[in-house]
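User: I would like a close look at a single part of this model, namely one of its interfaces, with the criteria spelled out as you go.

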Amino acid sequence: MYKVPGRIKNKNKETLQQMASFNKKKFRFSDWLAEKVIKAVAFLSIAVVILIFIFVFREAFPIFKMDSKSAAPTETLVQESYGGAETENSKVKTVDNKIASSNKKQTSSDKPSTSLFSNTWMPVSDNPRYGLWPLFLGTLKVTLIALLFAAPISILAAIYTAMFAKPRIREIIKPVIELLAGFPSVVIGFFALMVMATVLQNIFGYASRLNAFVGGIAMGLAAIPIIYTLTEDALTAIPKTFIEASLGLGASRRQTAFYVILPAAVPGIFAAVVLGLGRIFGETMIALMATGNAAMISMNPFDSVRTLSATIGAEMAEVVFGDTHYNVLFLIGSLLFIFTFALNAVAEFYFKNVVIRKYQSKK
Amino acid sequence: MDDYKVKVKDLSLRYGTNLALKNISMDIPEKKVTAFIGPSGCGKSTFLRTLNRMNDLIDNVTIEGEVYIDNINIYDKNIDVVNLRKKVGMIFQKSNPFAKSVYDNIAFGPRINGISQKSVLDEIVERSLKQAAIWDEVKDRLFHSALSLSGGQQQRICIARSLAVNPEIILMDEPASALDPISTAKIEELIHELKKEYTIIIVTHNMQQAARTSDLTALFYLGDLIEMNRTEIIFSNPAKKQTEDYISGRFG
Amino acid sequence: MNRNIKDTIVESITGICVLVIIFIIVSILAITIIGGWPNLNWAFLSEFPKEGMTKGGIFPAIVGTAIMTIIMAIAAVPFGVITAIYLAEYANEKSVLAKTIRFAVKTLAVVPSIIFGLFGLGFFIGFIGKNMDSLFSGGELRWGQPNILWASLTMALLTLPVVIVSVEEAIRTIPRDMREASLALGATKWQTIRKVVIPGSISGILTGTILAVSRGAGEVAPILFTGAVYFSSHLPHSLSDQFMSLGYHIYIMSTQSSNVDATQPIQFATTLVLLLLTFSLNAVAVTLRYRIRKKAK
């Protein structure tokens, strides 16, 4: 029979046992430190969101100040941008002149914040106008087209994947469609610019090659994987018992899909569409490359448009730090940020809670 | 000081508002095997996990009462739970070796205690594996993954891993429930050997196992401790009708 | 009978939608490959652009993208892994702090990428960089302008949620009894995280890193005005240099080039390179993630 050796003897035993006296709480520095550091780093995510708020808004804010006092605030801005730069004196002067001259123009025309509501976006001219309406309208048009294209096709594809596809097919379809999410938007934009624009023009025969329609379809492509994946998740999250009960009562898969699963998944699908909308709304590269970038007020989906985000992308590189134009671009950024933040909050809190409540009441 | 290694006084445990253990009091002697039996859901595993404060990890658990180990109340607020667990080892129902080599599994405990010298580690690994009666089977495979072993071997690796920390009490939560009869027999044999050095507390739903391995047996039912006594008395001449019913298979 | 027809129609319509999406994906791939393959050769990958960018290769754009994503990963991965550890191991799901962090991470995931660009411009360049200049170089313009460091850090913020989500998912697949085994041996929480949780989620950390790199390599909007340039005669030597990037190169060549038609082969080939890069990275990540999920079941 096996001879069991004794327990660990001598010194090792002592050290082990000494450590194992548990009647007094031992302070462990590395554990303490690890917890503090981990907590602090995790907190940084919140800090980043707050900083984005602060820094995007901060640069937009001077527009409103310029209304009350016309010249003074621009001067502080110049100081801020080139603050403490004694060697850069000459440069400061030139910038000062530039802004002073642009200020003169402003006072001769509208104040910047009134100009925001005008119908013309013409930031680089002798009489700069910062009318946001054409940009809003353009964004709205493109977003609507993109959503009308992406939402139905994604939802139907998700229904097929979740409801009709055989498990083996499903395991192929899902990753393939999710790969679309990995396509950089500049690639989709390039494809839209080079291929889709021509193909669609040949089909529909409209005048301008790049327009809201082409841009909308291309942006829809970017939103498809989001809406598809989240819808599919919402559909498969429905408890199996519901489905089995329905099939057990003699309903076909189609009837089960439409009368049992779909109604239960509606909040989830809505959340999917809302997040897809957020993606389309903020999409920059595709808008830059495929919409034609003409800021005009028109209801025709085949006219060129300029979206809010594309405006920032196209013009930010060329503006002067602290210029009104610069501030207006940040203002547009703030609007984009507020809007997507709100969309996310709605998707997160409202729809999730609806889904949860629905299931709890049924359990 | 008396002979009892573990003394439990009026211990109650709640999951949220659900009372899972009701006023349990018991004394557990040193270097003996004590078995907890009872139908599933009776609270025996929950109770076992209060003895090394494993329930601390679960949200929503509130515990009242006292558990003394070596006359120190482990629910005192000054208790160092980490060191407590070094003294009170635990073997789980499902064998759970780390996805590391056999050697690294056994050396895990000593290493976290700051032992890094190779010769010392080697010695502890060998001794622990021998104590767990698995040295001969794995001595040529020390650096293979522990997951490549059979279920019974994995469970003995877990026992060896726990022994390497040099505990005084070993809690076993249905250690053989997932094993075949031969592996089970090996574990039981091992328990028999280990009690010379360690205080062993074992939860089992297998009454024969309790009868074969333990010196004392406690029967739990719906969060109550029904009866606790020497094993041969529990199985031959229980004081309570409920115990007799359970032993003879009338419920549970 | 009637019902069967309806069933078939519905199944076909939904199936067609799947096919349409897959068709689009395949056409993007096919057209890019057909358009880009003839021009894709070693010289193209290893040479600088020539003759006003109408000839030559994309070497500096490849290097720039690589450096940018490496710096980005160095910043985003530790930050993301630690946040994921917090969310999975330390956070009490009901606490306000944990909920707020979760919401912040989700917000970062949906904020338009151009906003990150604005933030990089306002915060890194306009605030940090400017202050660094006035502190260290007496106001001489060095950090207060677009460069590869600010672009990488901006991109790191954008890809942070990608890392967090992947790593947290991997951590959550580590069975509870592994943690219990470690704790029952007297390991502290931090020892358990270091020796059991992190080693067990290595594949998740890898997945997250690959996905982040793939995302960062393809994004253009955040670097439009934080560091990318359309031409640079040299590779970036220091963190305060500007850099060329593949995505930005495609954008510039296809929209601002003096002769768009002449450079079309370059554009297609660059797109192919970028697509191959992100596509293969994603394929690896998806396979890895699939394996993690399977293991969890």
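How many residue pairs are in polar contact between chain B and chain C, counting those with both at pLDDT 80 or more?

Analyst: This is a predicted model, in which local features need pLDDT (the predictor's confidence in each residue, from 0 to 100) of at least 70 and side-chain atom pairs count only at pLDDT 80 or more, whereas totals for chains, interfaces and linings use all residues. Residues are numbered from 1 along each chain as its sequence is written, chains are lettered from A and ligands numbered from 1 in the order in which they are written, and side-chain values use heavy atoms, with hydrogens and water left out.

Between chain B and chain C the count is 4 residue pairs in polar contact, both at pLDDT 80 or more; a polar contact is a pair of N or O atoms within 3.5 Å, where within protein one must be able to donate a hydrogen and the other to accept it, and residues adjacent in sequence count only if both atoms are side-chain atoms. Across this interface the rule also finds 2 salt bridges, each being a side-chain nitrogen of Lys or Arg within 4 Å of a carboxyl oxygen of Asp or Glu. R49(B) forms a salt bridge with E180(C), and the closest N and O atoms of that pair are 2.7 Å apart.

On the side of chain B that touches chain C, at least two residues come from each of α2 (81-87), β6 (88-91), α3 (102-112) and α6 (151-163) of chain B, where helices (H or I, at least four residues) and strands (E, at least two) are DSSP runs, numbered from the N terminus. By class, that side has 12 nonpolar, 4 polar and 7 charged residues, with Ala, Val, Leu, Ile, Met, Phe, Trp, Tyr, Cys and Pro counted as nonpolar, Asp, Glu, Lys and Arg as charged, and the others, Gly among them, as polar.

In terms of extent, the contact (heavy atoms within 4.5 Å) takes 23 residues from chain B and 15 residues from chain C. Together the two chains bury about 1700 Å², 64% of it on carbon and sulfur atoms, buried area being the accessible area (1.4 Å probe) that two parts lose on being put together, summed over both. Of the area that chain B buries against chain C, F98(B), F108(B) and I112(B) supply 30%, more than any other three residues.

For context, chain A and chain C bury about 7200 Å² between them, 81% of it on carbon and sulfur atoms, and the count there is 1 salt bridge, formed by R254(A) with D7(C).
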